[in-house]
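Open the structure in your viewer and keep the selection box at hand. This tour tells you what to pick next and what to look for there.

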Amino acid sequence: MHSRHDYLEEERLGKALDIRLLSRLLRYVRPQAGLFLAAFLLAGGITLVELALPYITKTAIDSVLTLPWIAVRAADPPIPEAIPLGEGRFLVKEGALPQGIREELERAGAVEGRYLLIPPDGPGAEIAARHPDLFRTTPGGYVVAEGELGKLSTDERLALRAPAVRTLLYLVLGLLALLLLRFALSYGQVYLLQYAGQRIMFAMRRDIFRHVLRLPMSFLDREPVGRLVTRATNDVAAINEMYTQVVVYLVQDALMMAGVLAIMFRLNARLALLLLTFGPPLLVLTFWFRKRARDAYREARRKLARLNAYLAESISGMPIIQLFRQELRSFRAFQEINQGYYQAQMRSIIVYGIFGPAISVMRNLALALLIWFGGRGVLSGVFSLGALVAFTSYVRMLFQPLSDLSDKYNILQSAMAASERIFKLLDEKEEPTGSRPLASLQGEIEFKDVWFAYRDEDWVLKGISFHIAPGERVALVGPTGSGKSTIVNLLFGFYRPQRGKILVDGNDIGELDLSQLRRRLAVVPQDAFLFSGNVEENIRLWEEKLSPDGVRQAAEAAGVHGMVKRLPEGYSTDVRERGGRLSVGERQLLSIARAVAADPKLIVLDEATANVDSHTEAQVQEALERLMAGRTVLAIAHRLSTIRNVDRVLVLSQGRLVEEGTVEELLARRGLFWALWQLQFASPARNPEGADRRPFPKG
Ligand code: ATP
Ligand code: MG
């Protein structure tokens, strides 16, 4: 059973940025460094394009939509290039007027309206000549006040302003080109990042599974399957999100903010400084958010872990809950945990709910200030309208990264927690194995005073010693939980005994290369596991050399050919995951065929404990008989009928070998074996099938 503490690991949460973890993550990034570098370059390009867009608008407003000439009242020409209009007025190009003079004139109230000037030989001169009442002729050309333009027809106005219309067209085309470029760059960036992210995920999943394949059984016993699955899927995906949605974009955001500030200072340093006053409150807000968001996140994760643990425990124990009518109690306990999680989530939502809108309020405050001060600047002529419009866009661009920050922070936080868990798994020690090769096998087994506990000092085997000679057939019997399957687990090196030695052909298995040892032994396990795939694949497993004919021969040798033939599609019958479509007996027969196909010198049978009908039982017996011929056999027998043909019987009780001898000897002794024998054969009324009838059989 996986108790609650198994899930508590989910609560261990690190920081949002942990240098040690980042440097380990970097190992996966390095092979994709080219992709990331390209994405960074694209980020630079995107930033430039984004920065340019408002600037184009500004240009359009200032140099096309605004008439460039203004009239000023003055005794002398304010600048040499001024065009005299008569009556103490001069026409000057706004851009040519030094700022100081401009402000002086503004204060004196000497600035009058805007004018359009048509050079005498330029386009539109004809139209101007046609309206002497509106256009005044000056040394610089025809001049008309902005307000008077309304008296012309629309066509005439457009014709007069043809050069401006053309410039506008170019600007719009430029804008379109930039938008297209921005699209292409963004597409490239997203593609590169996703590509890199997918490859990183691919490598991480590969490493995780490869590592899990080498983990010792003692670790896998402790670890809930769901958690390992989560490592290779959800956790890896959380890290991917960090690569695809945070890393490059954080840099891009920083570039963008720096660029925006630089442009703002160039356009108008005073306004830029004004906006900078928002910096400190924004920093305070961000720090507040960071702390509260982290606390809220941890709290929520902790509550979620409790919820998961309780759910998993209750659902797997549902029969017991219902049997003992604990529904109401269980429901109340669940509701309490549910409520805790709900409240933690709400707290986290509130933190996020405050941060986003607070940023948006600040942004709008900044816009309001901008419109007040910037608008006054435009009215007083010290600030162009185009610059004000561009400023509003830039303010938005300045605040956008800040409001995105909360999402990015969340992603970073999850990614760090996920990588911490993944690396913890990858740091688990692999199953220890010796290196001595095992070229061939005679099939001799010896246990020398073996003591073993799955946990601490909870001894399951207490000083087991026995010897099995090559070619000998030995049965292991004993009550349930006496340690029979444990002996098999030790023989295959799944666990290490705490004391004593296990020898195979005289070699301590602790020194042997485990994969070679396992290849030379074959087991028919208590709970035959079938992989998804068809019957043939399940017999062959990974013995690729075995042809379909070889598989049939193995099946025939094991006496299961007949059974397979009766399946709906014979050898091609799909067994579905965990052999759901095959019965216990059929599964056992298949796993016998599997053992024959492996053709081992030493074979270990852990008889199925579930009931099979007497026909199947006979079939299994016959298959086993053939399998055992000419091999060393260690058979764990539940149905004592299995042991009629063995040379010797070992009787296990509570982790100790209590009796040993031939069936006849043991029966004559009238000890534990005799008692077990009596239970199965002497009193059919109590145990009609002569088989294990525990209410909750285990594997
Ligand atoms: P059965 O006849 O039911 O198959 P068995 O003799 O094969 O029983 P084992 O499976 O060897 O019994 O179990 C021996 C003891 O070790 C039992 O008390 C069992 O609960 C315990 N045990 C078995 N596997 C583990 C494990 N992976 N972790 C902890 N304890 C275990
Ligand atoms: Mg067992």
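Two strands pair if DSSP finds at least two bridges between them. Keep that in mind for the opening stop. The model is a predicted one.

**Stop one: the open sheet**

Select Tyr115. Opposite Tyr115, in strand E6, stands Ala145. Now widen the selection to the two strands. Strand E4 covers residues 111–118, and 4 bridges join E4 to E6. The two strands run antiparallel.

Step back to see the whole sheet. The sheet is open and has 6 strands, in the order E2-E3-E1-E4-E6-E5. The pairing is antiparallel. Which strands form the edges? Select 83–86 for strand E2 and 136–138 for strand E5: these are the edge strands, and each pairs on one side only. From one strand to the next, the twist averages 40 degrees.

A general point helps when you look along a sheet. Strands of a sheet pair through backbone hydrogen bonds, either parallel or antiparallel.

**Stop two: the E5 edge**

Select residues 141–145, which make up strand E6. E5 pairs with E6 in the antiparallel sense, over 3 bridges. Pick out two of the facing pairs. Thr137 stands opposite Tyr142 of E6. Thr138 has Gly141 of E6 as its bridge partner. How many residues link E5 to E6 in the hairpin? The hairpin joins the two strands through 2 residues.

Stay on E6 and turn on the surface. Is E6 enclosed or open to the outside? Of the 5 residues of E6, 4 are buried, so the strand is largely enclosed by the rest of the structure.

**Stop three: the loop after E2**

Go to Glu87. This residue lies in the loop between E2 and strand E3, residues 89–93. Check the backbone here: phi of Glu87 is near 55 degrees, a positive value in a residue other than glycine. Is Glu87 buried or exposed? Its relative accessibility is 68%, so Glu87 counts as exposed.

**Stop four: two helices that cross**

Select 19–29 for helix H1 and 385–427 for helix H13. Their axes come within 10 Å and cross at roughly 75 degrees. Angles of 65 to 115 degrees count as roughly perpendicular, so H1 is roughly perpendicular to H13.

Show the side chains at the contact. H1 brings Leu21, Leu22, Arg24, Leu25 and Tyr28. H13 brings Met416, Ser419, Glu420, Phe423, Leu426 and Asp427. Colour the contact by class, and you find 7 nonpolar, 1 polar and 3 charged residues.

**Stop five: the nonpolar core**

Keep Leu25 selected. It is among the residues with the most contacts inside the largest nonpolar core, together with Phe36, Met204, Met242 and Tyr243. This core has 37 residues. Which helices each supply at least two residues of this core? They include H1 and H13, and also helix H2 (33–65), helix H6 (162–213) and helix H8 (225–267).

Now centre on Phe36. Leaving aside residues up to four places away in sequence, Phe36 touches Val29, Leu193, Ala196, Ile200, Tyr243 and Val248.

**Stop six: two residues on long helices**

Select Tyr297 in helix H10, residues 279–316. Tyr297 has 12% relative accessibility and so counts as buried. Add Arg518 and draw a line between the C-alpha atoms: the two residues are 46 Å apart in space and 221 residues apart in sequence.

Next, select Leu365 in helix H12, residues 327–379. At 49% relative accessibility, Leu365 counts as partly exposed. Draw another line, to Pro139. The C-alpha atoms of Leu365 and Pro139 are separated by 49 Å, and the residues are 226 apart along the chain.

**Stop seven: Asp449 and a hairpin**

Find Asp449 in strand E7, residues 445–453. Phi of Asp449 is near 45 degrees, again a positive value in a residue other than glycine. With a relative accessible area of 41%, Asp449 is partly exposed.

Finish at strand E15 (648–653) and strand E16 (656–661). They pair in the antiparallel sense over 5 bridges. Leu652 stands opposite Leu657 of E16. The two strands form a hairpin with 2 residues between them. Select Gln654 in the turn: its phi is positive, about 45 degrees.

Note on methods: Residues are numbered from 1 along each chain as its sequence is written. Chains are lettered from A and ligands numbered from 1 in the order in which they are written. This is a predicted model: local features need pLDDT of at least 70, side-chain atom pairs count only at pLDDT 80 or more; totals for chains, interfaces and linings use all residues. Side-chain values use heavy atoms; hydrogens and water are left out. Axes are lines fitted to C-alpha atoms, for helices over the stretch in contact, and angles run from 0 to 180 degrees between N-to-C directions. Angles under 35 degrees count as roughly parallel, over 145 as roughly antiparallel, 65 to 115 as roughly perpendicular and the rest as oblique. Contact means heavy atoms within 4.5 Å. Ala, Val, Leu, Ile, Met, Phe, Trp, Tyr, Cys and Pro count as nonpolar, Asp, Glu, Lys and Arg as charged, and the others, Gly among them, as polar. Buried means under 20% relative accessible area, exposed over 50%, partly exposed in between (1.4 Å probe, protein chains only). A nonpolar core is a set of buried Ala, Val, Leu, Ile, Met, Phe, Trp, Tyr and Cys residues joined through side-chain atoms within 4.5 Å.
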